[in-house]
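Please examine the structure below and set out the reasoning behind the terms used to describe it. Each term should be traced to a value and a criterion.

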Amino acid sequence: MANYSLSHFLIEARRRRVFRVIGLYVVAAWALLQVADLLFESWGISSAALRHVWLGAVLGLPVALILGWRYDIVSGRIVRAASSDESADLSIGRADYIILTAVAAVTVAIVYTMAIDVSDTPDTDPTQAVASEVVANSVAVLPFVNMSDVPDNEYFSDGLSETLLHMLAQVPELKVSARTSSFAFKGKDQDIRTIAGALGVAHVLEGSVQRAGGQVRITAQLIRADDGFHVWSEHYDRTLEDIFGIQDEIAQRVSASLAQSLLGSGGGNPIQGIGTDNFEAYDLYLRAVSEQNRQTYESIRTSEGLLKDALAKDPNFHDAKTQLVSNYFLQVRGGLRGPQTAIAEISALLEQVLAVQPDNVRARTWMLVARAWSANVSGEEVDVMAITDSLRELIAEAPSEVEPKQILLQVLAPMGETEDALALMQDILVLDPMNSAVLIEIGVAHYSMGDRDNARSALNRSLDIDPDQPMSLIHISEPKRPAPLSRMTY
């Protein structure tokens, strides 16, 4: 009886063209899913939300089969399908009907997905608001490509890029992407438009460095990201001793080109260079920066030695002194140096720099930290409001410098200054959207404000950028509030 019933069902299903319904539905739904997949990217909808569309398509299949079994479209009217003892032609309009069913099912799923995707996105999540509007006077300095035969010369091409970034960041009218984010694309085969979109900049400065013996060949080009237009390009064949002039010329040309076309001025205002004309000292400095960026105990120690060697070559190399200050702070945080000894050394170095360069933003920022730290160690009360006001002044003077904003964020978050802290987070992410450490700080700050959803969002995004770092997982599993200023380390 079961075989007879199954056979009868299959015959009836074939007569009613149910298998044709399945084929038509699958083809129509698949085509619409491909369209949805393409549209989601342009609409800014999360790709993970496509599963809702797939769910709608799957749920729509039995609906289409039931309706296809029971009904038909005849002469523009919906009628019940004829049973096996009737002779009505069931093919009229059936294909159109099934396709429309698939369209309806997937359309409902898309609308539902868009609603879910939008409603699930926190309005105040700063990690989702990076570079919502790209300003025209913005630029990212990508790491110059090492074209030398010696791979060890990588530090030199990277150092040149960092030097140019530092020089351009001195121009208040320019928004310059931070080093961490610009270097996140090193060695990755991605086009300029994709990189510029991720960094939220309208222009990209890229180039290459070829070093051989005492000679160096440098190419540099400033590219407008939206259309690939070369705003400016140049190549240099010089001796290594000419590297300082090359850097100055590149920075001035980039600044002038952007100023003339975007800022409504003649451009070319003097930009402070690296602060030495001793190539051996500069070369040691670049090696030190490269080592310190590795952030290991051994590399930090190595960097300290190289910086001291650079200062032995040029005692007036103030950028090396400021870099040594940041090195000492790292050593204290890592337990490699005692706080009391470090404070005396740091203060002495910063006083030397500020005596010659009183407007040096980086040195002034670290001096604020050193004085607060010194007060903590001696048991004195820290004037938090004075520090906050001074940091705001530094931020206004140098909008593209990230360090003053990072320090101010560490001051504001424990004070409960929610709105100011969130605005500052936004500013930092605009300059440095690929910095996982910044996102960790944001996550911890959100936890302190009781906002677990946005905290997890920031921490998860930091893991997307740097899956190997453990701090995000630690904070996700064990939420911690940031320490007040009197207990903070920098």
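The following exchange takes up overall composition, aromatic pairs, cores and selected residues in turn.

Q: What kind of model is this, and how many helices and strands does the protein chain have?
A: The model is predicted. The protein chain has 19 helices and eight strands.

Q: What share of the residues in the protein chain is buried, and what share of the accessible surface belongs to carbon and sulfur atoms?
A: Of the 490 residues in the protein chain, 47% are buried. The accessible surface comes to about 24200 Å², with 54% of that area belonging to carbon and sulfur atoms. Among contacts with a separation of 6 or more, 63% are between residues 24 or more positions apart.

Q: How many aromatic pairs are found in the whole structure?
A: The search of the whole structure finds six aromatic pairs. One of them is formed by phenylalanine 156 and phenylalanine 279.

Q: Why is the pair of phenylalanine 156 and phenylalanine 279 called tilted?
A: The ring centres are 6.3 Å apart and the planes are at 55°. Pairing requires centres within 6.5 Å, and stacked applies under 30 degrees and edge-to-face over 60, so the pair is tilted. Phenylalanine 156 is in helix H5 (residues 154-168) and phenylalanine 279 in helix H9 (residues 279-292), so that the pair links distant parts of the chain, 123 residues apart. Both phenylalanine 156 and phenylalanine 279 are buried.

Q: What makes the pair of phenylalanine 244 and tyrosine 282 edge-to-face?
A: The angle between the planes is 70°, with 5.2 Å from centre to centre. Because the angle is over 60 and the centres lie within 6.5 Å, the pair counts as edge-to-face. Phenylalanine 244 belongs to helix H8 (residues 243-263) and tyrosine 282 to helix H9, so the pair ties together parts that are 38 residues apart in sequence. Phenylalanine 244 and tyrosine 282 are both buried.

Q: Which residues form an aromatic cluster with Phe156?
A: Tyr155 and Phe279 form one aromatic cluster with Phe156.

Q: How do you know that arginine 211 lies over the face of phenylalanine 156?
A: The distance from the ring centre of phenylalanine 156 is 4.9 Å, and arginine 211 lies over the face of that ring. The distance part of the criterion is met because CZ of Arg must be within 6 Å of the ring centre. Arginine 179 likewise lies over the face of phenylalanine 183, at 4.1 Å from the ring centre.

Q: Which residues touch the most other members of the largest nonpolar core?
A: In this core of 90 residues, they are Phe144, Phe156, Leu205, Ile218, Ile250 and Tyr285. Helix H13 (residues 361-378) gives the most to the core, with 10 residues. Another core, of 11 residues, lies apart from it and includes Ile195, Leu199, Val201 and Ala225.

Q: Why is glutamate 351 called exposed?
A: The relative accessible area of glutamate 351 is 52%, and exposed means over 50%, so the term applies. Glutamate 351 lies in helix H12 (residues 339-356).

Q: Why is glutamine 295 called partly exposed?
A: With a relative accessible area of 48%, glutamine 295 is neither under 20% nor over 50%, and is therefore partly exposed. Glutamine 295 is in the loop between H9 and helix H10 (297-313). The phi of glutamine 295 is near 60°, a positive value in a residue other than glycine.

Q: What makes asparagine 435 a buried residue?
A: Its relative accessibility is 8%, which is under 20%, so asparagine 435 counts as buried. Asparagine 435 is located in the loop between helix H16 (418-431) and helix H17 (436-448).

Q: Why does the approach of asparagine 435 to aspartate 432 count as a polar contact?
A: The side chains of asparagine 435 and aspartate 432 are joined at 2.7 Å, and the limit for N or O atoms is within 3.5 Å, so the distance satisfies the criterion. Beyond neighbours within four places in sequence, asparagine 435 is in contact with Thr180, Ser181 and Gln406.

Q: How do you know that serine 138 is buried?
A: The relative accessible area of serine 138 is 0%, and buried means under 20%, so serine 138 is buried. Serine 138 is placed in strand S3 (residues 138-141). A polar atom of the serine 138 side chain lies 2.8 Å from the backbone nitrogen of alanine 202.

Technical notes:
Residues numbered from 1 in each chain as written. Predicted model: local features only at pLDDT ≥ 70, side-chain atom pairs only at ≥ 80, totals over all residues. Heavy atoms only, no water. Helix = DSSP H or I, 4+ residues; strand = E, 2+ residues; numbered from the N terminus. Buried < 20%, exposed > 50% of the residue type's maximum accessible area, 1.4 Å probe, protein only. Lys NZ or Arg CZ within 6 Å of the ring centre and 35° of its normal. Contact = heavy atoms within 4.5 Å. Areas by Shrake-Rupley, 256 points an atom, 1.4 Å probe, with all protein chains shown as cover. Core = buried A, V, L, I, M, F, W, Y, C linked by side-chain atoms within 4.5 Å. Polar contact = N/O pair within 3.5 Å; in protein donor to acceptor, adjacent residues only side chain to side chain.
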